[in-house]
Amino acid sequence: MKTIVQIGSNKGNTDNDPVWKFCQENTPDSYGWELILVEPNPKAIAIIDKNYREAGFNNFTVLNYGASDKEEDLILYVDNDIPGNEASQHSSVYKSHMYKMGHTDQAIVEYKIKCYPLCYFLPNPVEYLQIDTEGHDDKILLGCDFNYFDVDKIQYEHLHLSEDRNSRLLSYLYQFNYKITNKTNEDTTLER
C-alpha cells in the first residue's frame with residue numbers, strides 16, 4: 001500500500017493540486033492508498049474531507065495543523081476576498097506573501113495555528129511527500145532529518161523561495177542522496 005503525505009492540502013480538488021491529480025489518475029488503485037492530508041486553514045478542513053469522500057476515498061486522515069521546523073504557534077494569514085467563500089485558495093504564515101498575491105489588510109483573516117515538525121506527520125515508509133506552503137516549504141524540509149525516514153519522492157513548491165533559500169534546501173536534500181527528477185516553473189521533485 002502506498003502512503004502519501006501532503007503538507008498544505010487546501011481544498012483537495014483544485015486543478016493545480018498534484019496529490020489530488022495523482023490520486024485521480026490512479027483510481028481504482030489509489031482508493032487503497034493511505035493519505036495523510038495536513039492543512040492549517042480551518043476553513044478548508046471539512047471541504048477536504050467532503051471532496052475526498054465524494055471521490056470515493058476512505059483511507060485518508062485530514063489534520064488541521066501547520067508544519068514548520070519545530071513545534072511552535074504561528075499566525076496563518078488567509079484571504080477572505082470572496083463573500084461566502086468556504087475555503088480560500090491563498091494562505092501563508094507570511095503576511096508579506098499575501099500582499100504579493102494582491103490581498104489587502106481588509107481581506108486578510110488571521111488564525112493562530114499549531115505547527116509541528118515534519119517528522120510528526122511522517123510514517124515509515126512514505127512513497128510521496130508533497131509540500132505547498134506558500135514560501136514556508138524550505139523551513140519545513142530543513143527541519144527534518146531524512147536519515148530516519150524512508151521517503152521515496154519529495155515535491156515542494158520553489159516558486160516562492162528566493163534563489164538562496166532554494167539552493168540551501170537543495171544542498172540539504174542532496175546530503176540524503178536525493179536527486180532532482182523534475183522541475184517546473186513552480187515545483188521541484190526529487191527522488192532517491
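Me: In which strand is the place of Gln130?
Reply: This is a predicted model. Follow the chain to Gln130 and you are in a strand. That strand is β8.

Me: Is Gln130 buried or exposed?
Reply: Buried means under 20% relative accessible area. Gln130 has a relative accessible area of 1%. The value falls under that cut-off, so Gln130 is buried.

Me: How many of the six residues of β8 are buried?
Reply: Gln130 belongs to β8. The strand as a whole is mostly covered. Of its six residues, the number buried is five.

Me: Which residues is Gln130 in contact with, leaving aside its neighbours within four places in sequence?
Reply: Two of them are Pro18 and Val19, which are buried residues of helix α1. Another is Gln155. The full list is Val5, Gln6, Ile7, Pro18, Val19 and Gln155.

Me: In what sense do β8 and β9 pair, and over how many bridges?
Reply: Strands of a sheet pair through backbone hydrogen bonds, either parallel or antiparallel. In β9, Ile154 is the bridge partner of Leu129. β8 and β9 pair in the parallel sense, and the bridges number five.

Me: What is the bridge partner of Ile7 in β8?
Reply: β1 and β8 also pair in the parallel sense. Four bridges join them. For Ile7, the partner in β8 is Ile131.

Me: What is the order of the strands in the open sheet?
Reply: The sheet has seven strands, with mixed pairing. From one strand to the next, the twist averages 15°. The order is β3-β2-β1-β8-β9-β11-β10.

Me: Which strands stand at the edges of the sheet?
Reply: An edge strand here has a single partner strand. One side of it is therefore left without a neighbour in the sheet. The two at the edges are β3 (60–63) and β10 (179–183).

Me: How far apart in space are Thr61 and Leu37, C-alpha to C-alpha?
Reply: Thr61 has its place in strand β3. At 38% relative accessibility, Thr61 counts as partly exposed. Thr61 touches Leu35, Ile36 and Leu37, not counting residues up to four places away in sequence. Thr61 and Leu37 are 24 residues apart in sequence, but in space the distance is 6.0 Å.

Me: What angle does the direction of α2 make with that of β3?
Reply: Helix α2 packs on the sheet. There it touches β1, β2 and β3. Its direction and that of β3 make an angle of about 170°.

Me: Which strands does helix α5 lie across?
Reply: Helix α5 spans residues 163–174. It runs at about 180° to β9. The strands it lies across are β9, β10 and β11 (187–191).

Me: Which residue caps the N-terminal end of α1?
Reply: Look for a side-chain oxygen by the backbone nitrogen of Val19. The two atoms lie 2.9 Å apart. The oxygen belongs to Asp17.

Me: What do the buried residues of α1 pack against?
Reply: In helix α1 (residues 18–25), Pro18, Val19, Trp20 and Cys23 are buried. One element they pack against is a helix, α2 (45–54). The full set is β1 (3–7), β2 (34–38), α2, β8 (126–131) and β9 (151–157).

Me: Which residues form one aromatic cluster with Trp20?
Reply: A search of the whole structure finds 14 aromatic pairs. Tyr52 and Phe60 form one that is tilted, with 5.6 Å centre to centre and 40° between the planes. Tyr52 is buried at 0% relative accessible area, and Phe60 is buried at 9%. Trp20 clusters with Tyr31, Tyr52, Phe57 and Phe60.

Me: What is the angle between the planes of Tyr116 and Phe121?
Reply: Tyr116 counts as buried at 13% relative accessibility, and so does Phe121 at 3%. Their rings form an edge-to-face pair, 6.5 Å centre to centre. Planes over 60 degrees apart count as edge-to-face, and here the angle is 80°.

Me: Over the ring of which tyrosine does the charged end of Lys153 sit?
Reply: Lys153 lies over the face of Phe22, at 5.8 Å from the ring centre. The charged end of Lys153 also sits over a tyrosine ring, 4.8 Å from its centre. That tyrosine is Tyr128.

Conventions. Residues numbered from 1 in each chain as written. Predicted model: local features only at pLDDT ≥ 70, side-chain atom pairs only at ≥ 80, totals over all residues. Heavy atoms only, no water. Phe/Tyr/Trp six-rings, centres within 6.5 Å; stacked < 30°, edge-to-face > 60°. Buried < 20%, exposed > 50% of the residue type's maximum accessible area, 1.4 Å probe, protein only. Lys NZ or Arg CZ within 6 Å of the ring centre and 35° of its normal. Contact = heavy atoms within 4.5 Å. Polar contact = N/O pair within 3.5 Å; in protein donor to acceptor, adjacent residues only side chain to side chain. Pairing = 2+ DSSP bridges. Axes fitted to C-alpha atoms, helices over the stretch in contact; angles between N-to-C directions.
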